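Reader: I would like to go through this model by question and answer. Please keep the replies short and end each one on the value or name I ask for.

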Amino acid sequence: MLTTRLASYGADYVPMFLVAGLAIYFAMHWRNNLRNIPGPPSSSWTFGNMLQLLLPPQYGDHEFTWLEEFGPVYLVKGCFGQNRLMISDHLALQHILNSSCFEHGPALTNLADLVLDQNAVMAVKGETHRRLRAALNVGFTPSAVRNYQPIFERVAEKITERLDKCSGSLTDLYPILSHAALNAISEAVLGCSTRDLGEAFVANNERVMLLASSQSSTLIVADAIGSLLPNMVRRAAMHFPTATFKVLRAVKSLAHQIGRRAIAEKLAAIQQGSNTRTDVFDMLLDPEQSDTKKNVLTEEELVAQTGTLMIDTQNFKINYERKSMRHSVVHPALPLMRETLRLHPPGPLQERIAVQDTVIPLTDGIKNSKGELINHIPVQKGQVVLVAIASYQRLRSRWGEDAHQFRPSRWLDGTVVQGQALGPYANLLSFLGGPRVCPGWRFAILEMQVFFSELVGEFSFAILEDDSIRARLANTLISVTPSGEKAAPFYITRI
Ligand code: HEM
């Protein structure tokens, strides 16, 4: 999954486009029609509140305090004085996610367009998006996903074998689980092993993951500038001979090669009547499925999805809550997994932009800075809003007074929020909702369920001390050590 930034490559063109970016920004984006919406003060014009929001020692250090202070809608400053609405209000999110008034924000559009493919489902809009989504869904129906279970079980057994070798020692779970996730995704999406992907793809993919998990104040500014540049300039920048762009170009082109090869092999097998496999690409190419559907992907369109499905989706989460790891045996897998997804959604903030003037309705209303109760907020075309998934999943009004606590038993004792859901799964918004809802959510749930059940049943996991790992936002929510290194070190013991 990708979030709202160009972090991995933005730094390369900071100096080159700083002036151009700022000029365009001032010409097109500076508005202050939201001045009466309360929000935290900002002491920096360059960064606004972005360092507090995106770079605190622990994700949410400021965001969750602001949530308590200002409620589910408040104003934060983006870079260069930009106004951004932070939104975790149910009705407001329903409008933003489901109406055609909002689309992906500029940073996410650029990232999907440049790093994935201009025709990737995440990059396309409008009718093309609807058609691609309808076609892709064939590979992610409940029955399609059930077919992937044996793959997940085989991969889980391999993780167990690796962890057996680490039993009794301090082990970083990241490389083990990342490798497992890549294994599962290549088998289930393309029907091939990681070895078939080729060493070059695997090596480049690791570099992309490394780039994607870096975060700094320079990259935050680079994101802000990059998202202001016209498409043409950004696409041209991708051809600069810098190390970062080289990695990104390589992984994109390797993903295309792998997609083309897989499609050619599958079509040949279909022609010979020997295609018995049931991975995602098989289903999307299946003539029987296609004949009955209007929403067929062309071969080139399918090739364009390879990167999205392979690169963007393999960040298997290690956001296990520390207390749960100590007492892992007492918790069944499902409540443990749901509570992890609730408190540590992998993509806690998603950026959207209003593509026309609109009015955002509010559930209970908020007090503006004059003390007046307002129950809707008019916004103008071009207004950026942040879908605050992590905040939404910590609203006391929805989850109760212990909303910030990790308590898996809430999923068993009937105290979880009931009623209208925005997202597809367990009243959570981790997979978003509306037309852009994650198509892979059933896939991800089953994969995590199989991995969790296998690991939690066989091993106990303990951390060194309470702050030895923290959640940090770097493309997705990752765990880092106090020195900021991406790692998930646990003492692993065979039960
Ligand atoms: C825990 C695992 C996952 C989480 C939390 C997650 C979350 C998300 C979120 C929040 C989005 C919306 C991004 C946006 O529009 O702002 C998204 C989109 C997407 N996800 Fe996932 N995802 C996960 C796993 C997967 C898997 C396993 C697949 C496929 C095998 C997948 C495929 C996609 C695709 C193709 C999109 C783009 C959809 C579109 O733009 O219409 N995801 N995901």
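**Strand, core and ligand site**

Author: This is a predicted model. V73 is buried, with 1% relative accessible area.

Reader: Where does V73 lie?

Author: V73 touches L85, M86, I87, D89, L362, I366 and I377, leaving out residues up to four places away in sequence. V73 and M86 are 13 residues apart in sequence, and their C-alpha atoms are 5.6 Å apart. The element that holds V73 is strand β1, residues 73-77.

Reader: Which residue caps the N-terminal end of α5?

Author: Helix α5 covers residues 90-98, and its buried residues are H90, A92, L93, H95, I96 and L97. A side-chain oxygen lies 3.1 Å from the backbone nitrogen of L91. The residue that supplies this oxygen, and so caps the helix under the 3.5 Å limit for a polar contact, is D89.

Reader: How many helices and strands are there in the protein?

Author: Of the 495 residues in the protein, 57% are buried. Among contacts between residues at least 6 apart in sequence, 76% join residues at least 24 apart. The count of elements is 23 helices and 12 strands.

Reader: Which helix gives the most to the largest nonpolar core?

Author: The largest nonpolar core has 72 residues, and Y148, L163, L190, L197, F201 and F451 touch the most other members. The helix that gives the most to this core, with 11 residues, is α10, residues 173-190.

Reader: How many residues are in the second, separate core?

Author: In soluble globular proteins, nonpolar side chains tend to be buried together. The second core is separate and includes L75, I360, V387 and L422. Its size is 28 residues.

Reader: Which residues is L163 in contact with, leaving aside its neighbours within four places in sequence?

Author: L163 is among the residues of the largest nonpolar core that touch the most other members. Beyond four places in sequence, its contacts are L173, I176, L455, F459, F461 and I492.

Reader: Is N204 buried or exposed?

Author: N204 is found in helix α12, residues 199-212. Leaving aside neighbours within four places in sequence, N204 is in contact with V247, A250, V251 and L254. Its relative accessibility is 9%, and the limit for a buried residue is under 20%, so N204 counts as buried.

Reader: How far apart in space are P142 and F443, C-alpha to C-alpha?

Author: P142 is in helix α8, residues 142-146. At 41% relative accessibility, P142 counts as partly exposed. P142 and F443 are 301 residues apart in sequence, while their C-alpha distance is 8.7 Å.

Reader: What is the only protein donor of the iron atom of the ligand?

Author: The donor residue is found in the loop between α22 (396-399) and α23 (441-458). The donor atom is an SG at 2.3 Å from the iron, which is within the 2.8 Å cut-off and therefore counts as a donor. The residue is C438.

Reader: Which residues come nearest to the ligand?

Author: There are 25 residues around the ligand. An N or O atom in the side chain of H104 is 2.7 Å from an oxygen atom of the ligand, and a polar side-chain atom of R133 is 2.9 Å from a ligand oxygen. The residues that come nearest are H104, H129, R133, Q350 and C438.

Reader: How far does a polar side-chain atom of R436 lie from an oxygen atom of the ligand?

Author: A pair of N or O atoms counts as a polar contact within 3.5 Å. The R436 side chain supplies a polar atom that pairs with a ligand oxygen. The distance is 3.0 Å.

Reader: Which element supplies the largest share of the shell around the ligand?

Author: By class, the shell has 15 nonpolar, seven polar and three charged residues. At least two shell residues come from each of α7 (126-136), α18 (299-311), β5 (349-354) and α23. The largest share is three residues, and the element that supplies it is α23.

Reader: What is the phi of L432?

Author: L432 lies in the loop between α22 and α23. At 7% relative accessibility, L432 counts as buried. L432 is not a glycine, yet its phi is positive, at about 65 degrees.

Key:
Residues are numbered from 1 along each chain as its sequence is written. This is a predicted model: local features need pLDDT of at least 70, side-chain atom pairs count only at pLDDT 80 or more; totals for chains, interfaces and linings use all residues. Side-chain values use heavy atoms; hydrogens and water are left out. Donors are N, O and S atoms within 2.8 Å of the metal (3.2 Å for Na, K and Ca); water is not among the atoms, so sites may look incomplete. Helices (H or I, at least four residues) and strands (E, at least two) are DSSP runs, numbered from the N terminus. A residue is near a molecule or strand if one of its heavy atoms lies within 4 Å of it. A polar contact is a pair of N or O atoms within 3.5 Å; within protein, one must be able to donate a hydrogen and the other to accept it, and residues adjacent in sequence count only if both atoms are side-chain atoms. Ala, Val, Leu, Ile, Met, Phe, Trp, Tyr, Cys and Pro count as nonpolar, Asp, Glu, Lys and Arg as charged, and the others, Gly among them, as polar. Buried means under 20% relative accessible area, exposed over 50%, partly exposed in between (1.4 Å probe, protein chains only). A nonpolar core is a set of buried Ala, Val, Leu, Ile, Met, Phe, Trp, Tyr and Cys residues joined through side-chain atoms within 4.5 Å. Contact means heavy atoms within 4.5 Å.
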